[in-house]
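Open the model in your viewer and keep the selection box handy. We will walk through it stop by stop, and each stop tells you what to pick next.

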Amino acid sequence: ARERSFLAGELARVGFKVYESQTNYLLFEEPEGAYQADANYISLYEAMLSEKILLRQCGNYHGLGENYYRITVGLHEDNMTLLETMRRVCDTRYK
């Protein structure tokens with residue numbers, strides 16, 4: 001629970017809307033239009049995959065769009081790697 005709370009808070013600080021969870025997963029939303037859309041645009045999913053981190057896209061969940069993702073809460077070290085990569089990727093994507 002402590003690590004889930006930490007991870008949710010840090011994702012929110014990056015700029016994502018994180019949904020309350022009592023499970024080992026976090027659902028979060030990338031704000032629509034938050035990224036710099038240009039000819040070189042790649043999705044957050046693709047950007048993270050190029051860093052060897054797999055996000056679960058939730059666009060096929062009823063009522064959710066392509067800007068919703070789910071991740072598993074891991075060990076603190078793993079979560080730190082995720083967050084560091086997420087910050088780096090998002091710094092180049094967001095205005």
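**Stop 1: helix 1**

Start by selecting residues 2-14, which form helix 1. Keep in mind throughout that you are looking at a predicted model. Within this helix, the buried residues are Glu-3, Arg-4, Leu-7, Ala-8, Glu-10, Leu-11 and Val-14. Colour them and look at how they are spaced. An α-helix has 3.6 residues a turn, so residues three or four places apart point the same way.

If you like to check geometry, put a distance between the first and last C-alpha of the helix: its 13 residues reach 19 Å, close to the 18 Å expected at 1.5 Å a residue. Then step one residue on to Gly-15, which follows helix 1 and has a positive phi, near 125°.

**Stop 2: the whole chain**

Clear the selection and switch to a cartoon view. You should find 3 helices and 4 strands, running α-β-β-α-β-β-α from the N terminus on. The chain has 95 residues, and 36% of them are buried.

How much of the contact map comes from residues 24 or more positions apart? Among contacts with a separation of 6 or more, such pairs account for 63%. For a surface view, expect about 6000 Å² of exposed area, with carbon and sulfur atoms supplying 50% of it.

**Stop 3: the sheet**

Now show the strands alone. They make an open sheet of 4 strands in the order 1-2-4-3, with antiparallel pairing. Strand 1 and strand 3 are the edge strands, each pairing on one side only.

Work across the sheet in that order:

- Strand 1 and strand 2 pair over 2 bridges in the antiparallel sense, and a hairpin of 6 residues joins them.
- Strand 2 and strand 4 are antiparallel too, with 5 bridges between them. Here Tyr-25 has Thr-72 as its bridge partner, and Leu-27 has Arg-70.
- Strand 3 and strand 4 run antiparallel and are joined by 2 bridges. Select Arg-56 and you will find Arg-70 of strand 4 opposite.

While the sheet is on screen, turn it edge-on and show the side chains. In a regular strand the side chains alternate between the two faces of the sheet.

**Stop 4: Lys-17, on an edge strand**

Zoom in on Lys-17, which sits in strand 1 (residues 17-18). Which residue stands opposite Lys-17 in strand 2? The partner is Glu-29. These two residues are 12 apart along the chain, and their C-alpha atoms are separated by 5.1 Å.

Next, show what surrounds this lysine. Beyond its neighbours within four places in sequence, Lys-17 is in contact with Leu-27, Phe-28 and Glu-29. Is Lys-17 buried, partly exposed or exposed? Its relative accessible area is 47%, and the cut-off for exposed is over 50%, so Lys-17 counts as partly exposed.

**Stop 5: the nonpolar core**

Select Leu-11, Phe-28, Leu-44, Leu-55 and Met-86 together. They are the residues with the most contacts inside the largest nonpolar core, which has 20 residues. The elements giving two or more residues to this core are helix 1, strand 2 (25-29), helix 2, strand 4 (68-72) and helix 3 (76-93). Helix 3 gives the most, with 5 residues.

Leu-55 makes a good centre for a closer view. Leaving out residues up to four places away in sequence, Leu-55 touches Phe-28, Leu-44, Tyr-45, Met-48, Tyr-69, Arg-70, Ile-71, Leu-82 and Met-86. Arg-70 is the residue you met at the sheet, opposite Arg-56.

**Stop 6: two cysteines**

Select Cys-58 and Cys-90. Buried means under 20% relative accessible area, so Cys-58, at 0%, counts as buried. Cys-90, at 2%, is buried as well. If you are looking for a disulfide, the structure holds 0 of them.

**Stop 7: Lys-52, in a loop**

Finish at Lys-52, in the loop between helix 2 (44-49) and strand 3 (56-57). What is unusual to check here is the backbone: Lys-52 has a positive phi of about 70° although it is not a glycine. Its relative accessibility is 76%, over the 50% cut-off, so Lys-52 counts as exposed.

Definitions and conventions:
Residues numbered from 1 in each chain as written. Predicted model: local features only at pLDDT ≥ 70, side-chain atom pairs only at ≥ 80, totals over all residues. Heavy atoms only, no water. Expected span 1.5 Å × (residues − 1). Buried < 20%, exposed > 50% of the residue type's maximum accessible area, 1.4 Å probe, protein only. Contact = heavy atoms within 4.5 Å. Areas by Shrake-Rupley, 256 points an atom, 1.4 Å probe, with all protein chains shown as cover. Disulfide = S-S within 2.5 Å. Core = buried A, V, L, I, M, F, W, Y, C linked by side-chain atoms within 4.5 Å. Pairing = 2+ DSSP bridges.
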